[in-house]
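Biologist: Can you walk me through this chain? I have a few questions about its fold and its side-chain contacts.

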Amino acid sequence: MLDGVQDPHNLGACLRSADAAGVTAVIVPKDRAVHLTQTVRKIACGAAESVPFVAVTNLARCLRELKKAGLWLVGTADEATQSIYDVELHGPTVIVMGAEGAGVRRLTSEECDYLVRIPMAGSVECLNVSVATGVCLFESVRQRLAKKKK
């Protein structure tokens, strides 16, 4: 789930990572977010056609419905105390990524079961949303593969 991503290049890159990681769908809000434009499709390199793209009126309501359906909701936040590497992501999970600069909105983050951060060792405070999306998605892939081996 992408909460208000505005940049078409970021959305395209997120779709590429989503396709590569085997996600079920990418969910965005109908308003105040970029949708499938020609630029997004170009950057996505085919992923815009292979990953279901769902625009919903209300992300918080959508998260409540997904929780009722049995999915775990993991939101990302720079101020979170828990690392992405310390949360189980191998089951049915929604990973909520925030917009450039603003992050995940308050009402959206309040619906999440966990808030996590990506540990940063350098001097920058955060990653670009498309890079952070790739990190989070492939941590989920890593955990799923490790669970299969057991």
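What follows is a short chat about the fold, the sheet and some side-chain contacts.

Modeller: Before we start, this is a predicted model, where local features need pLDDT of at least 70, side-chain atom pairs count only at pLDDT 80 or more, and totals for chains, interfaces and linings use all residues. Residues are numbered from 1 along each chain as its sequence is written, and side-chain values use heavy atoms, with hydrogens and water left out.

Biologist: Fine. What does the secondary structure of the chain come to?

Modeller: Six helices and seven strands, in the order β-α-β-α-α-β-α-β-β-β-α-β-α along the sequence. Helices (H or I, at least four residues) and strands (E, at least two) are DSSP runs, numbered from the N terminus.

Biologist: And what is the radius of gyration of the chain?

Modeller: The radius of gyration is 14 Å, close to the 15 Å that the globule rule gives for 150 residues, so the chain is as compact as a globular protein of that length. The radius is taken over C-alpha atoms, and the rule is 2.2 Å times the number of residues to the power 0.38. Of the 150 residues, 42% count as buried. Buried means under 20% relative accessible area, exposed over 50%, and partly exposed in between, with a 1.4 Å probe and protein chains only.

Biologist: Now the sheet. What is the strand order?

Modeller: The open sheet of five strands runs β1-β6-β4-β7-β5, with parallel pairing. Two strands pair if DSSP finds at least two bridges between them. β1 (2-3) and β5 (82-83) are at the edges with a single partner strand each, so one side of each has no neighbour in the sheet.

Biologist: How many bridges pair β1 and β6?

Modeller: Two bridges, in the parallel sense, with β6 covering residues 93-98. D3 is opposite G98 in β6.

Biologist: Switching topic: how many aromatic pairs does the search find?

Modeller: One in the whole structure. The ring centres of W72 and Y114 are 6.1 Å apart and the planes are at 35°, so the pair is tilted. The pair joins strand β4 (residues 72-76) to strand β7 (residues 114-117), with W72 and Y114 42 residues apart. Rings of Phe, Tyr and Trp (its six-membered ring) pair if their centres lie within 6.5 Å; planes under 30 degrees apart count as stacked, over 60 as edge-to-face and the rest as tilted.

Biologist: W72: buried or exposed?

Modeller: In between: W72 is partly exposed at 44% relative accessibility, and Y114 is partly exposed too, at 32%.

Biologist: How many salt bridges are there?

Modeller: Seven in the whole structure, each being a side-chain nitrogen of Lys or Arg within 4 Å of a carboxyl oxygen of Asp or Glu. One of them joins K67 and D113 at 3.3 Å, N to O. K67 lies in helix α4 (residues 59-68) and D113 in the loop between α5 (106-110) and β7, so this pair ties together parts that are 46 residues apart in sequence.

Biologist: What about pairs in a single helix, E110 and R106 say, where do they lie?

Modeller: E110 and R106 both lie in helix α5, four residues apart, about one turn of the helix. Their side chains meet at 2.9 Å, N to O, and both residues are exposed.

Biologist: And E139, which residue does it form a salt bridge with?

Modeller: With R142, the closest N and O atoms being 2.7 Å apart. E139 and R142 both lie in helix α6, three residues apart. E139 counts as buried at 4% relative accessibility, whereas R142 is partly exposed at 46%.
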